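User: I should like a close look at a single part of this structure, set in the context of the chain to which it belongs. Please give one connected account.

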Protein chains: 2
Amino acid sequence: MNVAGSATPLVRRLVSGDAKALARSISLVEAESPEGRAILKAVYPTTGRSLVVGITGPPGAGKSSLVSRMVAAWRRRGEKVGIIAVDPSSAFSGGAILGDRIRMQEHCLDAGVFIRSMATRGHFGGVSRACRDVVDLLDAAGFGIILIETVGVGQDEVEVVQVADLVLVVLPPGQGDDIQAIKAGILEIADLFVINKADREGADRLASELQAMLALSPDPQTARTPILKTVATTGEGVEELMAGVDRRRRRKENAAARREKERRRSRERFLELFREGLYRRARAACLKNSEVDAIAEDLARRKRDPYSAAEEVLGRVRFPVARRKAAANGKRR
Amino acid sequence: MNVAGSATPLVRRLVSGDAKALARSISLVEAESPEGRAILKAVYPTTGRSLVVGITGPPGAGKSSLVSRMVAAWRRRGEKVGIIAVDPSSAFSGGAILGDRIRMQEHCLDAGVFIRSMATRGHFGGVSRACRDVVDLLDAAGFGIILIETVGVGQDEVEVVQVADLVLVVLPPGQGDDIQAIKAGILEIADLFVINKADREGADRLASELQAMLALSPDPQTARTPILKTVATTGEGVEELMAGVDRRRRRKENAAARREKERRRSRERFLELFREGLYRRARAACLKNSEVDAIAEDLARRKRDPYSAAEEVLGRVRFPVARRKAAANGKRR
């Protein structure tokens with residue numbers, strides 16, 4: 001079967017915005033199949049047109065309700081919206097996630113809205129890569145707005161930020177130790193803070209505490225990060241939020257800054273693929289599972305140490321320029 | 001300078017429990033210096049004796065106060081305790097962390113307690129590795145108990161769990177959407193749940209909700225995970241917690257299970273070092289920064305795609321067994 005030949009009609013349907021072709025393409029990409037890779041290569045030149053908005057914040061902040069409101073606003077403007085829900089959850093706490101998804105029900109029959117969940121567990125260092133691939137597919141399929149929704153304040157969020165053009169951090173008031181809740185490196189990643197459930201007690205206090213923390217930032221742009229208030233359940237403040245996103249969007253679209261960001265991201269993406277490819281090829285070529293098992297056994301018994309074992313196996317791989325250098329050194333001796 | 005020669009007196013002092021030698025060794029290891037690596041190789045055979053306890057939970061759960069209580073209890077038994085605070089925070093939200101550390105002040109003049117903070121930002125996929133290295137050094141220095149304290153419910157926690165023998169998940173009651181706060185894959189990583197601040201409203205409700213969620217687990221061991229209640233500020237429930245840890249410790253020390261876990265971890269650790277080593281050597285040998293910049297520029301302009309670019313550079317690396325296979329294929333043709 002010719003991969004390129006079989007991918008081409010699918011790519012054509014994908015680029016025309018066919019939802020089934022999009023879903024199929026995402027599945028092929030997630031399965032890391034050669035077809036998936038061929039699709040990514042084919043669509044790459046057409047990408048880079050969408051606005052990618054990351055939405056993060058602690059559980060219970062009301063992110064999904066807010067996303068639902070924002071999607072409705074974009075749909076009224078005629079924008080197609082793709083949503084990637086990055087889901088760090090375990091299999092059997094699925095109830096809560098289901099709850100989140102149900103809130104999105106109103107959009108699930110709308111062909112202008114495409115929702116896809118993405119599990120992150122077991123994908124060490126792979127969240128941003130998997131996200132980027134799906135963003136490219138949505139972008140190629142003509143979704144002008146792509147939302148990436150994540151839960152929590154961990155590594156995943158920092159990775160997702162690398163993919164987004166604009167990051168909204170959603171916080172709920174009245175979680176007791178408000179300052180503590182904000183501590184985990186979330187300040188610098190936000191382009192816009194949204195205090196949702198702003199009709200609850202503590203919203204003003206949270207806003208002023210946040211303001212005070214931002215004011216301490218050495219980076220003037222971080223210090224000026226806007227703080228907005230919304231009540232997603234009633235829609236209060238959503239119009240102002242959309243206006244805020246538009247303002248930030250225009251600023252982000254400053255050509256030089258955008259090109260610089262695009263270059264930095266492209267660099268990271270390429271190096272990630274290079275790193276992953278190296279490991280796969282090396283595993284396939286010179287490190288069998290049986291040897292890994294034997295090494296693990298020796299390490300567990302403290303008969304060898306992991307550093308020496310890694311160095312020994314690494315010694316089997318030869319890199320072209322390194323070889324030339326070694327030859328030159330040999331001549332000099 | 002002979003690395004092994006210069007490391008040996010330091011290693012000797014480290015193994016004798018000298019705190020200055022320990023701090024120096026950690027710095028050398030964190031700087032990824034050859035001396036640091038030599039120390040890790042030298043001490044590896046002596047490691048594997050400590051109990052490594054991971055403590056995680058959302059911000060505001062009172063983890064640091066609880067750790068302080070547990071440390072005091074271990075100290076009364078004459079155990080030396082090493083603490084690794086994995087800190088995902090940004091530079092300028094440092095106030096909150098300082099607060100956490102101040103609570104540990106009572107132990108900071110005690111030579112039987114060693115506290116070290118470890119920043120995680122920028123260490124993609126490297127938290128568990130950095131932790132493991134420091135655990136080995138503490139282990140070699142005779143700390144029988146090693147606590148790893150992390151904040152949040154993200155990737156860092158999942159990684160830290162790979163290093164710990166026993167994981168305590170600390171939860172505070174009354175955070176509104178309790179079920180939501182627990183959703184991020186935290187159920188299976190816990191060996192013991194601790195509801196701290198148990199004198200606050202909602203502690204019983206949280207306990208019964210948690211119980212109900214655990215009961216749904218397909219894994220019978222997860223379903224039986226103990227749930228304890230403490231008030232770290234008064235010390236209430238800490239004795240029961242210590243007894244719970246002792247019980248779990250004895251169960252964990254079941255020889256066959258421990259050996260199996262040790263093998264699995266050794267395997268992961270070796271593969272991590274192998275993967276990282278491959279990338280470093282490949283970067284040094286056949287991928288200059290100037291070429292990476294040129295590729296990034298092409299990608300940003302959509303003149304090339306990242307997949308083809310990565311494959312092209314990967315083609316320069318030759319793996320020995322792959323070459324033999326290629327030769328065999330050649331003969332067959």
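How many helices and strands does the secondary structure of chain A come to? Please then look closely at helix α4 of chain A.

Analyst: The secondary structure of chain A consists of 15 helices and 7 strands. The model is predicted, and some words on confidence should come before the detail. Chain A has a mean pLDDT of 81, with 77% of its residues at 70 or more. In residues 1-6 of chain A, however, the pLDDT is below 50, and the model gives this stretch 6 contacts beyond near neighbours in sequence. Residues 121-125 of chain A also stay under 50 in pLDDT, and here the model has 7 contacts beyond four places in sequence. For the model, the ipTM is 0.78 and the pTM is 0.74.

The helix requested, α4(A), covers residues 63-76. Its length can be checked by simple reasoning. The expected span is 1.5 Å times one less than the number of residues. For the 14 residues of α4(A) this comes to 20 Å, and the C-alpha atoms at the two ends lie 20 Å apart, so expectation and model agree.

The surroundings of the helix come next. A residue counts as buried if 20 or more other C-beta atoms lie within 10 Å of its own. In α4(A), 10 of the 14 residues are buried, and the helix is therefore largely enclosed by the rest of the structure. The buried residues include Lys63(A), Ser64(A), Ser65(A) and Leu66(A). Val67(A), Ser68(A), Arg69(A), Met70(A) and Val71(A) are buried as well, as is Trp74(A). For chain A as a whole, 48% of the 333 residues count as buried. Just after the helix, Gly78(A) adopts a positive phi of about 90°.

The wider chain provides the setting. The domain assignment divides chain A into domain 1 (1-46), domain 2 (47-253) and domain 3 (265-332). Between the first two of these, 13 residues of domain 1 of chain A are in contact with 12 residues of domain 2 of chain A. On the domain 1 side, the elements that give two or more residues are α1 (3-15), α2 (19-30) and α3 (34-43) of chain A. Of these, α2(A) gives the most, with 6 residues. By class, this side has 9 nonpolar, 3 polar and 1 charged residues.

Finally, contacts in chain A can be sorted by separation in sequence. Among those between residues at least 6 apart, 77% join residues at least 24 apart.

How values were computed: Residues are numbered from 1 along each chain as its sequence is written. Chains are lettered from A and ligands numbered from 1 in the order in which they are written. This is a predicted model: local features need pLDDT of at least 70, side-chain atom pairs count only at pLDDT 80 or more; totals for chains, interfaces and linings use all residues. pLDDT is the predictor's confidence in each residue, from 0 to 100. Two residues are in contact if their C-beta atoms, placed from the backbone, lie within 7 Å. Helices (H or I, at least four residues) and strands (E, at least two) are DSSP runs, numbered from the N terminus. A residue is buried if 20 or more other C-beta atoms lie within 10 Å of its own, exposed if 12 or fewer, and partly exposed in between; C-beta atoms are placed from the backbone. Domain bounds come from an automatic or database domain assignment. Ala, Val, Leu, Ile, Met, Phe, Trp, Tyr, Cys and Pro count as nonpolar, Asp, Glu, Lys and Arg as charged, and the others, Gly among them, as polar.
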